[in-house]
Amino acid sequence: MTVIGYARVSTTDQHLDLQENALRAAGCDLIRSEKRSGTSTAGREQLRTVLDFLRAGDVLMVTRIDRLARSIGDLQDIVRTVKAHGASLRATEQPIDTSTAAGKCFLDMLGVFAEFETNLRRERQLEGIADAKARGVYKGRKPSVDVAKVQAMHAEGKGPSAIAKELGIGRASVYRALEGKGG
């Protein structure tokens with residue numbers, strides 16, 4: 001039996017040390033870590049490696065379930081993969097052990113709350129953006145194309161390809177500027 005630890009933080013300014021130390025203290029034989037968002041399993045190569053490596057009797061250890069997944073669908077997919085390998089999932093800071101019925105139940109409840117928290121954060125972000133727009137503070141991204149310059153160059157007889165090359169932009173941006181949609 002191998003105990004494999006998995007640690008994850010979302011941003012580059014966060015540190016993996018606390019999770020890795022907790023996993024070592026829990027007896028992990030191997031620890032894989034990455035700095036990626038937990039809202040999706042896409043692009044999480046270390047997680048994929050761990051899941052592919054699991055064998056019958058192994059344990060996948062995390063500190064908390066939200067380090068593994070932030071959506072109930074992703075969490076359930078991961079748990080199914082762990083189970084298909086004949087392994088189990090445990091957390092150091094939560095009473096989760098998928099080899100027991102109570103542990104599986106608690107895991108599902110925590111997964112629902114992790115997804116709920118992610119959805120609340122997204123709603124608050126959208127509300128903040130809407131409020132900033134209403135106050136005239138949020139202007140969006142700065143235009144990347146000088147529409148007046150594109151139109152002036154076109155009026156001088158330059159074609160879209162020549163304009164794009166000279167300004168270092170894509171032809172589609174030139175066409176949008178000429179149609180008056182900006183860049």
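## Strand pairing

Two strands count as paired if DSSP finds at least two bridges between them. With that in hand, here is a look at strand 1 and its partners in this predicted model.

Strand 1 and strand 3 (residues 59-62) clear that bar with three bridges, and they pair in the parallel sense. Within this pairing, V3 sits opposite V59 of strand 3. Strand 2 (residues 30-35) also runs parallel to strand 1, and six bridges join the two. Here I4 has L30 of strand 2 as its bridge partner.

There's a helix to add to the picture too: strand 1, helix 1 (residues 17-25) and strand 2 together make a β-α-β unit, and it is right-handed.

## How strand 1 is packed

What about cover? Strand 1 (residues 3-9) has seven of its seven residues buried, so the rest of the structure largely encloses it.

In a regular strand, side chains alternate between the two faces of the sheet. Strand 1 is covered on both: V3, G5, A7 and V9 are buried on one side, while I4, Y6 and R8 are buried on the other.

## A nonpolar patch on the surface

Now for the outside. M109, F113 and F116 form a nonpolar surface patch, and together they have about 330 Å² of accessible area.

Take F113, which belongs to helix 4 (residues 101-134). Is F113 buried or exposed? Its relative accessibility is 54%, and the cut-off for exposed is over 50%, so F113 counts as exposed.

Methods: Residues numbered from 1 in each chain as written. Predicted model: local features only at pLDDT ≥ 70, side-chain atom pairs only at ≥ 80, totals over all residues. Heavy atoms only, no water. Patch = residues over 30% accessible without salt bridge, like charges linked within 9 Å, V, L, I, M, F, W, Y side chains within 5 Å. Areas by Shrake-Rupley, 256 points an atom, 1.4 Å probe, with all protein chains shown as cover. Salt bridge = Lys/Arg side-chain N within 4 Å of Asp/Glu carboxyl O. Helix = DSSP H or I, 4+ residues; strand = E, 2+ residues; numbered from the N terminus. Buried < 20%, exposed > 50% of the residue type's maximum accessible area, 1.4 Å probe, protein only. Right-handed = clockwise from strand over helix to strand, strands pointing away.
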